[in-house]
Amino acid sequence: MMSKYRFYLVALNLLLATTEAYAQQLIASKSEGAIRIATYNASLNRPAAGKLSQDLQSDDEQIQAIAAVVRAVQPDILLVNELDYSSESDNAALLEKHFFASAQPDLRGGDPWPMPYLFTAPSNTGVSSGMDLDNNGRTEEPNDAFGYGRFPGQYGMAVYSRFKIETEKAVTLQNFLWSQLPDARRPIDPKTKKSYYPDAVWAKLRLSSKSFWDVPIQTPQGTIHVLASHPTPPAFDGAEDRNGCRNHDEIKLIQLYIESHPALRDDKGNPVKFAKDNAFVVLGDLNCDPNDGDSQNVAIQALINHPLVAQAAAPRSTGAATAAKTQAKTNLRHKSDPAEDTADFNDNSVGNLRVDYVLPSKTLDVIASGVFWPSLDAIPDQDAAEVKKLLDASDHHLVWIDVKLK
């Protein structure tokens, strides 16, 4: 299946075999008894419905590169963001079968890395709201869907696991209304000083641009709840900052969920009941840097510093620090530590940011963490160019942590 990627991955295997120090930097060994949990915005979205299903049954080079990264890091639990959801073709299962669980040359030497348990569900992206949400006089454009998308399920997500997923106990908040969130940040038009969304529209808007999931997984050490989401980017709007407000409140939803706030109802209409001693990990591309970018970052700051969240050091990489320095421009004005960046964005606008998170509960001990973003300075240019192809498969990089249940 690997087409031309077979050649550079085999070459990369030889390279790593002779540069042990670099290999260790690239792929950290998992501590004995630890569980590796990761999130990856893999950019496996396509412009038309059905296209990803076709690509998942082909030699698509981008998917091969994404799979090579996953197989190299070898997570026990993984959230993939931006994986188009389809009710007709199980894209999540196809990715696991054809790319994760099949033997092919990769950074570890070609062994399969099966993750046989998976959870996926519908997304708000591309689902018609029947309303004019961007005030341009039309109602059936991507901006008018409950979550931006050209077709239902675009930019969806899936949870993979090497341990059994308690699917029957999974909780989703896809349909939870934005107006039902306590102290919701309703966007205001700065010109009229009135709500950007009329009352009739505001009453129908869903909060999650994709969805919010609580997926319990039976690990050898006990149940760990994966709290998965992918809030909207705080951009592509106007002075009313409607996407910035929504991003803030999608992140706030995570905080209120772990607090089991009485205002929250799941998609079955049941009140949320989340025990405060639950072991959990917040996963996803939350599209919000703690200090930089265009987001209303108080929500992510509150989540990172929440008393139920472990106060562990942020995952880091040498590649992110190098990129911020060499790409310069906006990156030079950032306040956050560039080594903590997880996404390589336009250096003329927002620059590189920390937007992908693996936040464990305080009931978990964090053993190690990292971002798959190696610095290419230590290897020859001809080899670095091939490694760079792996990194260029997505503008986000895989983030991981190793944990043990206390």
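Which residues does alanine 299 touch, not counting residues up to four places away in sequence? Select alanine 299 and display its surroundings: with those sequence neighbours left out, alanine 299 touches His248, Ile251 and Lys252, where contact means heavy atoms within 4.5 Å.

Before going further, note that this is a predicted model, in which local features need pLDDT of at least 70 and side-chain atom pairs count only at pLDDT 80 or more, whereas totals for chains, interfaces and linings use all residues. Residues are numbered from 1 along each chain as its sequence is written, and side-chain values use heavy atoms, with hydrogens and water left out.

**Stop 1: alanine 299**

Alanine 299 sits in helix α8, residues 298-304; helices (H or I, at least four residues) and strands (E, at least two) are DSSP runs, numbered from the N terminus. With a relative accessible area of 5%, alanine 299 is buried (buried means under 20% relative accessible area, exposed over 50% and partly exposed in between, with a 1.4 Å probe and protein chains only). Add isoleucine 254 to the selection: the two residues are 45 residues apart in sequence, and their C-alpha atoms are 9.7 Å apart in space.

**Stop 2: helix α5 and the cores**

Next select residues 91-100, which form helix α5, a mostly covered helix in which seven of the ten residues are buried. Those buried residues are Asn91, Ala92, Leu94, Leu95, Glu96, Phe99 and Phe100, and they pack against β1 (35-44), α3 (51-55), α4 (61-73), β2 (77-83), β3 (117-120) and β4 (157-161).

Leu95 also appears in the largest nonpolar core, where, of 61 residues, Ile37, Leu78, Leu83, Leu95, Val159, Tyr160 and Leu398 touch the most other members. A nonpolar core is a set of buried Ala, Val, Leu, Ile, Met, Phe, Trp, Tyr and Cys residues joined through side-chain atoms within 4.5 Å. Centre the view on valine 159, which, leaving aside its neighbours within four places in sequence, is in contact with Leu78, Leu79, Tyr117, Leu118, Phe119, Ile165, Trp213, Val215, Ile217, Val226 and Ala228. A second, separate core of 38 residues includes Leu205, Cys245, Tyr257 and Ile258.

**Stop 3: buried residues in loops**

Is glutamate 166, in the loop between β5 (164-165) and β6, buried or exposed? At 6% relative accessibility, glutamate 166 counts as buried, and, apart from its neighbours within four places in sequence, glutamate 166 is in contact with Pro216, Ile217, Gln218 and Thr223.

Move then to histidine 334, in the loop between α9 (318-327) and β10 (356-360), which is buried with a relative accessible area of 18%. When residues up to four places away in sequence are not counted, histidine 334 touches Asp292, Val350, Gly351, Asn352 and Leu353. A polar atom of the histidine 334 side chain lies 3.2 Å from the backbone oxygen of asparagine 352.

**Stop 4: positive phi in exposed loops**

Finally, select lysine 193, in the loop between β6 (171-172) and α6 (199-202), where phi is near 65°, a positive value in a residue other than glycine; lysine 193 is exposed, with a relative accessible area of 65%. Phenylalanine 236, found in the loop between β8 (222-229) and α7 (242-258), likewise has a positive phi, near 60°, in a residue other than glycine. The relative accessible area of phenylalanine 236 is 68%, and this residue is therefore exposed.

Notes
A polar contact is a pair of N or O atoms within 3.5 Å; within protein, one must be able to donate a hydrogen and the other to accept it, and residues adjacent in sequence count only if both atoms are side-chain atoms.
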